[in-house]
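Hi,

Here is the structure I said I'd pass along. Have a look when you get a moment, and then read on for what turned up.

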Amino acid sequence: MRSPEIRERFLNFFERRGHHRLPSASLVAYDDPTVLFTVAGMVPLQPFFRGTSTPPAPRVTTCQKCLRTADLESVGDGSHHTFFEMLGNFSFGDYFKEGAITLAMELLTADFELAGDRLWPSIHPDDAEALDIWTRVVGVPREKVSMLEDNFWGPAGPSGPCGFDSEIYWDWGAPCSCGRGDCRPDTECGGDRWTEVWNLVFPEFEQDEGGRRTPLPEKGIDTGMGLERMAAVMQGVRSNYQTDLFLPIVAGFESRSSAAVDAATRSRALNVLADHARCSSLLIADGVLPGNESRGYVLRRIIRRAAVHGRRIGLRGGLSAGVADVVAVMGDAYPELVQHRTLIETTVRDEEEAFARTLSEGSERLEQLLERSGARLSGDDAFRLHDTFGFPIELTVELAAERGVEVDIDGYRAAMAAQRARSRPAARGAGFAQVPQLAPTTFVGYDALETDAEVRWVGAGPLQVVIEPSPFYAEAGGQVGDRGTLEWDGGSATVVDSQFFPGTEIRGVALAAPAPALAVGVRVRARVDPSWRWRAARHHSATHLLHRALREVLGDSVVQRGSLVRPDYTTFDFSFPRALTGDEVRAVQHRVNEAIRDDLQRSVDLLPIAAARQSGAVALFGEKYGETVRVVDFGGWARELCGGTHVERTGNIGAAIVVSESSIGQGIRRIEMVAGEAAEKQWTENAAELSAAARALRARPEEVGERVAALQLQVKRLQRELEEARRRGAGGGGGAAAAVEEIAGIPLAYLLLDQPGRDAVQGATDTVYAEQLQGNGVVIVLGLDAVAVKAGGVATAGGVDAGALARAAAEVTGGHGGGRSDFASGGVKDPSRREAAVDAVRRALRERAA
């Protein structure tokens, strides 16, 4: 049975038994700040278990995209993955253990036609209820039920729902790779006879970060079947990588590999590449980009780890060449892969190219370290390679082994742990830890800016009050929350923000000052500040027009990556590989204002997510959407999924101005734009500045650009003449003024140059190095604000590092420096300390010789 059929049979089985099918949530765990990614099928459903959100039905089934990196080093071994698909069925206060167990066995034995005698359950020793169901109801012999202390399922993060669980194992039959003929699941032999195919979790407790457990409002069911493992069982293969989920991707990488390596190394590398191609593709499709922090760092590490394995097998085309195979295998199940294929390929390729440059720089430094390390490279050196150059420890170990050098892995791990401890931020206050146990807030703010309401909850923290209903828009989709007032008999309070409590549909408001008179049950008049709301609405509607204009001018490869909508300005982030030209920016701005002048009518529809996408509505990349979505359309021209507030017609925006266009990261551009009153203010300020510039240049306003361009050319010419004069001065007198001495057999020339500028200092360094030392020894030149060091000949042969010397000299003056072993530079903060800096270089050379 092929994997698409397994996936569909599972979901259809539970749909026929009263379960509501939900689409997969994003890999980004939006509603759970304790985890970076969706690590299990129940993560997006935790608000339903906690009772803070209402499920669409008491029974639900999903095929959820999941990602785990805890076993990253084991990926490629046959059963471990980063990305995987988890099939699951869930109950929220409906059926419990007996329903979950009997449904599972019915699916496995009837629909999947697996032999019941080869399915072995395990339970927690204290779970007498589950034991009774397995033996009395299902009829499994008592001796086939394994007792495992591990059959307690903790929360997905530091806190969350938890409870006993029961696992179902598939018996591949004897013999087992452990060497025993009678092993069982509870033997935990680590062999290959037993594959866990399904975990039935019985959530009945809520565990907080301190480990305390309280009963959930209602008992539930949370099950997880790994599609990759079940595909292996159904297709009769021991390795998940031999299933139809991986084989085409593995085959593609194999066809592009050329290095002659042993079979085990090749197989492991190909498996890792296939896994990491799937993982990186799905992460990017869900809005994650390579970076140095959080989710971006995980993606960067996965792409770079794949590059290391690709290097081992002589891979052509890199990981990015495998994206097409991933899309071919998984695109039907996950259309976002098809939609964002170009972005995925470009992002992976750019990261691979950046890593190639990193490897070039890091390899040079590694060679220097290996030359002087003897038989063992210290953990600190290996860590510095990783920290400074992003050099993977796997590659350091591999290259060191080629030279017969061992790497101190324990020391590396200790240095890494120390860095994590240093960088770990102090624990922040609880903030939103106190989440009210209330029904979702009724939002009436689309139709009214004020309403009568009742206080339902009062607490401490960023959000102090919950009212029902609420006209205040809660921050979402990039649009900031509303401001306004609450008024009641005898008092009033200023609302300065409105937000959702994380993981809920409960809207809370923040007050400018405590209001002791507000208590549960108090009737209030809630009023939104109309100026704040309508100025924000103009900017939000303008971003929709901007998005459409960008796609018209630059092409459909433009994908929104985020936005910030405020009353005074908006920013719009989008994927694009280069800076926009001036003509492109003007064309985009013109198209936005043309749509404003067309006075397009706004319409709003509530549609199922699939129907909304089919209608041409554009979704915010990486945003979380429910089953039913709000579609905002302006005249059939700009159509997006959006829950924000908007103008009735585009003419209400007035006008829009693109203020700036810039890069905010690899392949991501940002446009800042102002609309309405803010655009008028921008025009007024721009006109005033232009008039002032025209007066200063004694020119008409339309001549300012030409005059400024001419002045820039004049300044550049004068700068070139000045630098040339400085170089001539350094070349003519610098060499004669340089003092030369010998320290430990190494010629040292030093010069104090009484002029500023890095170019002058480096020019003098080159002159002294060539004319006085003939390329043999060390030169240090210190100007008024810069230092340069050059080393060669006997100096570099003796292990002298120009980078270390420049660093030592610069630090004496209060600056910083560094660079390559043959040339380095830095800054001089205190010129009066330059003689002391030369002394520091002398000491370093003597210590080197000693």
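One thing to spot first: Arg842 lies over the face of Tyr750, with 4.9 Å to the ring centre. Do keep in mind that this is a predicted model. There is a second arrangement of that kind, where Arg507 lies over the face of Phe443, 4.1 Å from the ring centre.

Now the aromatics. The count comes to 14 aromatic pairs. One of them is Trp457 with Phe501, an edge-to-face pair at 5.5 Å centre to centre and 90 degrees between the planes. Trp457 belongs to strand 14 (residues 450-458), while Phe501 is in the loop between strand 17 (491-500) and strand 18 (507-511), so the pair ties together parts that are 44 residues apart in sequence. How buried are the two partners? Trp457 has a relative accessibility of 12%, and since the cut-off for buried is under 20%, it counts as buried. Phe501 is buried too, with a relative accessible area of 1%.

Another pair is Phe572 with Phe574, which is tilted: 6.2 Å centre to centre, 35 degrees between the planes. Both of these phenylalanines are buried. You'll also find an aromatic cluster made up of Phe10, Phe13, Phe14 and Trp198.

Then there's a sheet worth pulling up on screen. It is open, with four strands in the order 20-21-26-25 and antiparallel pairing. Which strands sit at the edges? Those are strand 20 (559-565) and strand 25 (656-665), each of which pairs on one side only. On average, neighbouring strands in this sheet are turned by 20 degrees against each other, ignoring direction.

Looking inside the sheet, strand 21 (residues 570-575) and strand 26 (residues 668-675) run antiparallel and are joined by six bridges. If you want a place to check the register, Ser575 stands opposite Ile668 of strand 26.

Two helices lie across strands of this sheet. Helix 15 (residues 530-554) lies across strands 20, 21 and 26, and runs at about 135 degrees to strand 26. Helix 18 (residues 677-697) lies across strands 25 and 26, running at about 90 degrees to strand 26. If you colour the view by element, I'd start with strand 26: helix 15 lies across it, and so does helix 18.

That's what I have for now. Shout if anything looks odd on your side.

Cheers

Terms used:
Residues numbered from 1 in each chain as written. Predicted model: local features only at pLDDT ≥ 70, side-chain atom pairs only at ≥ 80, totals over all residues. Heavy atoms only, no water. Pairing = 2+ DSSP bridges. Axes fitted to C-alpha atoms, helices over the stretch in contact; angles between N-to-C directions. Contact = heavy atoms within 4.5 Å. Phe/Tyr/Trp six-rings, centres within 6.5 Å; stacked < 30°, edge-to-face > 60°. Buried < 20%, exposed > 50% of the residue type's maximum accessible area, 1.4 Å probe, protein only. Lys NZ or Arg CZ within 6 Å of the ring centre and 35° of its normal.
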